[in-house]
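Reader: I should be grateful for a close look at a single part of this model, namely the paired strands and the charged contact between them. Please set that part in the context of the whole chain.

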Amino acid sequence: MLSSVKIPILCLGAMLAWSAASQASAEGWQRPTAHGGEISRSVTKDGGVYTGSTTRTGPNGGSTYTSSSKCVGGVVDRCARSYSGTGPNGQTFSGKRVSARGPFRGRSAGSFTGPNGNTVHGFRRWRR
């Protein structure tokens with residue numbers, strides 16, 4: 001027979017095992033675009049960390065766009081995203097952006113590199 005102390009400990013152990021097993025989750029979808037291309041998206045959650053990726057392909061495989069991101073939730077939410085693409089004529093572009101948003105203000109910084117190789121940097125702050 002179980003004592004009255006062992007039952008709450010057993011329940012607590014079962015709850016911890018269940019929560020550890022259910023923390024990671026994933027979701028994704030894929031669909032055609034209006035002009036014959038295709039777009040796919042996947043998101044994975046592990047605790048307070050979200051990781052995602054997007055891929056878009058133009059009609060006949062002519063142009064592509066790929067993006068990946070990672071966000072960490074908390075009092076201050078932090079996200080980082082990088083992306084790249086190729087146009088139908090073979091010109092490429094790429095960029096990245098990081099942001100942090102707290103209860104009172106946020107900030108964001110990023111860079112973009114165009115087809116000619118020039119890079120533009122940007123920074124923004126805002127109050128909520």
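Author: The term pLDDT denotes the predictor's confidence in each residue, on a scale from 0 to 100. This is a predicted model, in which local features need a pLDDT of at least 70 and side-chain atom pairs count only at pLDDT 80 or more, while totals for chains, interfaces and linings use all residues. Residues are numbered from 1 along each chain as its sequence is written, and side-chain values use heavy atoms, with hydrogens and water left out.

The protein chain has an average pLDDT of 84, and 82% of the residues score at least 70. Over residues 1-22 the pLDDT falls below 50, and this stretch has one contact in the model beyond near neighbours in sequence; a contact means heavy atoms within 4.5 Å. Where pLDDT is low, the predicted coordinates should not be read in detail.

The secondary structure consists of one helix and eight strands, arranged along the sequence as α-β-β-β-β-β-β-β-β. Helices (H or I, at least four residues) and strands (E, at least two) are DSSP runs, numbered from the N terminus. The eight strands form an open sheet in the order E1-E2-E3-E4-E5-E6-E7-E8, with antiparallel pairing. At its edges are strand E1 (24-32) and strand E8 (119-127), each of which pairs on one side only. From one strand to the next, the twist averages 10°, where axes are lines fitted to C-alpha atoms, for helices over the stretch in contact, and angles run from 0 to 180 degrees between N-to-C directions.

The part requested centres on strand E5 (residues 77-86) and strand E6 (residues 92-101), which pair in the antiparallel sense over 10 bridges. Two strands count as paired if DSSP finds at least two bridges between them. In this pairing, Gly85 stands opposite Phe93 in E6, and Tyr83 stands opposite Gly95 in E6. E5 and E6 form a hairpin with five residues between them, and Gly90 in the turn has a positive phi of about 90°.

On to the next strand: E6 is joined by eight bridges to strand E7 (residues 105-113), and the two run antiparallel. E6 and E7 also form a hairpin, with three residues between them. Here Arg101 has Gly106 in E7 as its bridge partner.

Arg101 also takes part in the charged contact. The structure holds one salt bridge, a term for a side-chain nitrogen of Lys or Arg within 4 Å of a carboxyl oxygen of Asp or Glu. The side chains of Arg101 and Asp77 meet in this way, at 3.4 Å from N to O. The pair links distant parts of the chain, with Arg101 in strand E6 and Asp77 in strand E5, 24 residues apart. Arg101 counts as partly exposed because its relative accessibility is 39%, and Asp77 counts as partly exposed because its value is 25%. Buried means under 20% relative accessible area, exposed means over 50%, and partly exposed lies in between (1.4 Å probe, protein chains only).

A contrasting position is Ser67, which lies in strand E4 (residues 64-72). Ser67 counts as buried because its relative accessibility is 8%. Not counting residues up to four places away in sequence, Ser67 touches Gly52, Ser53, Thr54, Arg81, Ser82 and Tyr83. Tyr83 is thus named twice, as the residue opposite Gly95 in E6 and as a contact of Ser67. For the chain as a whole, buried residues make up 15% of the 128 residues.
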